[in-house]
Amino acid sequence: MISSVQLLPLFFLLLSTPAWALDLAELVRSVETQYSGESSYSRVRMEIRTEHWQRSLEMEGWSLGRDYFLTRILAPDKDRGVSTLKAQQDVWNYLPKVDRVMKIPASMMGGSWMGSHITNDDLVKGSRVDLDYELRLLEESKKHYLIECLPRPEAVVVWGKVLYRIKKPDLLPESISYFDEEMTEVRRILFDDVQPVGARMIPMRLTVLPLEKPQEQTIMRYEKIDYGAELTRDFFSLRTLQKRP
Amino acid sequence: MLASLALRNLGRNRRRTLLTLCATVVSCSLLILALGIFSGMLADILDSTTGQYHGHLVVSSPQYPERRSLYDSFEEDLKTQEALLRHPGITGLSPRLRAFGLLSFTRAALPVELLGIRPQREASVTRLGQQLVRGSRLDSAGGAQPEVLIGEGLASRLGATVGDELAFMTQAADGSIGNDLLRIRGIFSTGDRNRDNQLALVPLDWLRELLVLPDALHELALRVDDPMEAPAIRQRLEGQLADADTSLAILDWGQLLPTMREAIANFDVSRMILIIILYSATGLGILNTFFMSVIERTREIGILLAMGMTPARVRRMILLEALFLGLISLVLGTLIGIALTAWMHQVGIDLSDWITPVTYAGGTIAPRLHATFETANILMPALILLGVCLLAGYFPARRASKLQPALAIREDA
Amino acid sequence: MIHLENVSKIYRTGNREVAALLDFSLDVARGEFSVLAGPSGSGKTTVLNLIGCLDQSTRGRIEVAGMDVSRRTVTQLASFRLAHIGFIFQSYNLIPVLSAQENAEFTLMLRGVPKAKRQARIQELFERLGIAGLENRKPGDLSGGQQQRVAIARAMAAKPNLILADEPTANLDSKTSEDLLELMRELNEEQQITFLFSSHDPMIIGCARRVIELKDGHLASDSKDSAA
Ligand SMILES: Nc1ncnc2c1ncn2[C@@H]1O[C@H](COP(=O)(O)OP(=O)(O)OP(=O)(O)O)[C@@H](O)[C@H]1O
Ligand SMILES: [Mg+2]
């Protein structure tokens, strides 16, 4: 007779994932936090092109983990000082011209952020993909991993499906595709211009393509990322938000 | 001769004829009054609905009504506006510009619709900006600081009142972040809760500057004399706009408010149902009267046949009696009906002590009985009454013409 | 003027058949002044109705004023009556809503005779019948004798070839009956109008030139035959 005690090690062996197995959640998380790290300071040039106008914004930003994020427009002059604070699930805008802070209401979270093709929801929900979606390795080729993210039944999400295309062997993102409820691809983000930043390799350019409007796009070009910034939670307050540059 | 005989026959059993006449006159006049009140109610609803926001006709770019995109604007052209105002039937015109954005007082920002208007022009089309519960109307001159009128629900959700400063933020047409402070000048209540929860009225010129849309408009709201004529005027204007090559489209209130149009269209059916119900009772009464009268006169009709009157003439005589009864009822019923409607039109009955305003098909039914005149409301009851009388007379007339003279004369009188 | 040949009239009430007239034949010449006599239910009214085209025979042939009146439409018969026959009834049967004048001129109006002509004719008749001055009275305001005179005027107004009178004096007192009978005899002689009465009044029967007696729908006797 074999006792149950004798079987226990075998049982554990079957349950635990092999050490060499790919941690999909970790991979997606690393993509979503590549620009923020533990904490960071960055400077970005955002070029927006729409059917009706085209403009370029210069911004600086601070972030702490995946929950805190503050950005401020430096140029052009007309919008200089307009700032956004994201703390946990909330987004505030500060308008220096009228010296007012505005909290984005839940119903407007799907709206455009600073006129770009990035929504307020992207600021809040992007960093939660590994929590709100069920991840699955859809395909693995010599050069790529294709990770499929389907919403968890209980999660409140925006997309019907998200596909991460990650390059081998450095595990850097190449593109992310966003699908609506009907499973048509409606938006794609491309990453390129990989450069070393400190010890890491980071794609310094991010292009957002709204596929329904082929002539429109938003390009985010990271001009500087400093992962050494010493920031605390206190920094990400409405008081900091209202500080004029 | 047949006519005088028919008239005298009517006068024969005076009480019975009078009673029948009473029934027809009362049903005809009350029907006219009821339809007048019904129409009055619908006119109230229609007026409250169109006067609340849209007006009767809206001229805009063809895509604008559906997309409401900031960029579907057109350049203000005073010549077009003058031409429209000269068009027969059009009594008012209001140029408008619209923006969607966030409005905040303290911290809670709310999504709102900002409608840029010229207050006096708007007053020629709708009651927007006039039904104030607090504060005062927008100043067309526009002071140093931009001012805003906001809906009652919006005010309470913002926690703001007259004199408070609100911040507004939106995306301007050049992509910049349009934002400015607005001082609340007044708080309005249109009666439509949805609108009161998210509408704010601002001076047109201020909004143009904020949106970086100089000289632009999103729509021209028009008011017409008779709302029922709006579709016809729209068709004429469509031709005119096409000739002028303005690439502008025009919608009438029926297209803007389909539920309202349905409610009005349903009235035609309701009117028919009301007429049919009331007149079938009246018609049966008339039928009964004429059958009795024919049966009582069996012997006499036999004599008429014996003397050589043809059955067709006998039938015509009875039908003439019915026609005369119908004509007398029609004249009296219509006159009394018009008089009652006129009274209800001028005086009306205020029910506000008993009933609160009811919302129906997006409009508000005022708590009052008030009649309006509509040709069909008088013509239909009158003409159908005549038809009912003839129909009610037809069967007895046929019976009379089929009598066998020998048998009829034998009948004991 | 009148020719009846083996005429039968059978009434059906439910499944019971009543033969009001059986194989009845009769000839009346123009200008005759005859009476149909016989007890109640013998078929007098039936004969008059058949001759007056108010009813259709079950069998037999009827000719009036030279026309075969069977198988005609109701409208044709009405026109025929209007053109040729005047009726006088036992209970006068004037139209109550019309005045004496209007009652009398009714057939003239049906024929479309112009007003002036009508008035002259009625004036003449009323004077002849001794009721001049009563033109505007309604039947209800006239005595039985006066009403029957108006009825005679009505029957005569259109100058018919034949006047059928069903017990014209049954509702009148004997003096009035005598006067009216006298009058009708004079009219018959003056204007050569054929008169056919029905009656069981011995006075009337006595006045008639020819008495046709009916019994149970059969011809019982005809004074013309016995004279011959
Ligand atoms: N419509 C009818 N239905 C059934 N039977 C009828 C009808 N009309 C008449 N009769 C019958 O036919 C017969 C002849 O009737 P008719 O009226 O011709 O008699 P009459 O000689 O005129 O009698 P009276 O002197 O009473 O007027 C009678 O037996 C009568 O009952
Ligand atoms: Mg008889």
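Biologist: Hi! Where does E147(B) sit in chain B?
Modeller: In this predicted model, E147(B) belongs to strand β6 of chain B, which covers residues 147-151.

Biologist: And is E147(B) buried or exposed?
Modeller: E147(B) is buried: its relative accessible area is 18%, and the cut-off for buried is under 20%.

Biologist: What does its side chain make a polar contact with?
Modeller: With the side chain of R185(B), at 3.3 Å.

Biologist: Which residues does E147(B) touch, leaving out those up to four places away in sequence?
Modeller: The list is L138(B), L182(B), R183(B), R185(B), L201(B), V202(B) and P203(B). R185(B), the polar partner, is thus on the list of residues touched as well.

Biologist: Nice. Let's switch to charges. How many salt bridges are there over all chains?
Modeller: The count comes to 51 over all chains. Side chains of opposite charge can pair when their charged atoms come close.

Biologist: Which residue does D174(B) form a salt bridge with?
Modeller: Its partner is K78(A), and the closest N and O atoms are 3.7 Å apart. D174(B) lies in the loop between β7 (165-171) and β8 (177-188) of chain B, while K78(A) lies in the loop between β3 (68-75) and β4 (83-87) of chain A, so this pair joins two chains.

Biologist: How accessible is D174(B), and what about K78(A)?
Modeller: D174(B) has 30% relative accessibility and counts as partly exposed. K78(A) counts as exposed, at 52%, because the cut-off for exposed is over 50%.

Biologist: What about chain A on its own? Which residue meets E185(A) in a salt bridge?
Modeller: That would be R188(A), at 2.8 Å from N to O. E185(A) is partly exposed, with a relative accessible area of 25%, and R188(A) is partly exposed too, at 31%.

Biologist: And what does R205(A) meet in a salt bridge?
Modeller: The side chain of D192(A), with 2.9 Å from N to O. This pair links distant parts of the chain: R205(A) is in strand β12 (residues 200-210) and D192(A) in strand β11 (residues 185-197), 13 residues apart. R205(A) is partly exposed at 24% relative accessible area, and D192(A) is partly exposed at 29%.

Biologist: Which residues are linked in a network of salt bridges?
Modeller: There is a network in chain B made of R68(B), R96(B), R98(B), E113(B), E122(B) and E219(B).

Biologist: On to ligand 1. Which chains does ligand 1 lie between?
Modeller: Between chains B and C. It is surrounded by 15 residues, and the closest are S40(C), G41(C), K44(C), T45(C) and T46(C).

Biologist: Which atoms of S42(C), G43(C) and E167(C) lie by its oxygens?
Modeller: For S42(C), a backbone N or O atom lies 3.2 Å from an oxygen atom of ligand 1. For G43(C), a backbone N or O atom lies 2.9 Å from an oxygen atom of the ligand. With E167(C), an N or O atom in the side chain is 3.3 Å from a ligand oxygen.

Biologist: How much of the ligand's accessible area does the protein cover?
Modeller: The protein covers 73% of the 630 Å² that ligand 1 has on its own.

Biologist: Last topic, rings. How many aromatic pairs does the structure hold?
Modeller: There are 12 over all chains. One of them, Y35(A) with Y222(A), is stacked, with 4.0 Å centre to centre and 5° between the planes. Y35(A) is in the loop between α2 (24-32) and β1 (39-49) of chain A, and Y222(A) is in strand β13 (residues 217-226), 187 residues apart. Y35(A) counts as buried at 11% relative accessibility, and Y222(A) counts as buried at 11%.

Biologist: What about F33(C) and F195(C), how are their rings set?
Modeller: Their centres are 5.5 Å apart and their planes at 50°, so the pair is tilted. F33(C) lies in strand β3 (residues 33-37) and F195(C) in strand β8 (residues 194-198) of chain C, 162 residues apart. F33(C) is buried at 2% relative accessibility, and F195(C) is buried at 0%.

Biologist: Which residues form one aromatic cluster?
Modeller: Y41(A), W62(A), Y68(A), F235(A) and F236(A) do.

Technical notes:
Residues numbered from 1 in each chain as written. Chains lettered and ligands numbered in written order. Predicted model: local features only at pLDDT ≥ 70, side-chain atom pairs only at ≥ 80, totals over all residues. Heavy atoms only, no water. Helix = DSSP H or I, 4+ residues; strand = E, 2+ residues; numbered from the N terminus. Buried < 20%, exposed > 50% of the residue type's maximum accessible area, 1.4 Å probe, protein only. Polar contact = N/O pair within 3.5 Å; in protein donor to acceptor, adjacent residues only side chain to side chain. Contact = heavy atoms within 4.5 Å. Salt bridge = Lys/Arg side-chain N within 4 Å of Asp/Glu carboxyl O. Near = heavy atom within 4 Å. Areas by Shrake-Rupley, 256 points an atom, 1.4 Å probe, with all protein chains shown as cover. Phe/Tyr/Trp six-rings, centres within 6.5 Å; stacked < 30°, edge-to-face > 60°.
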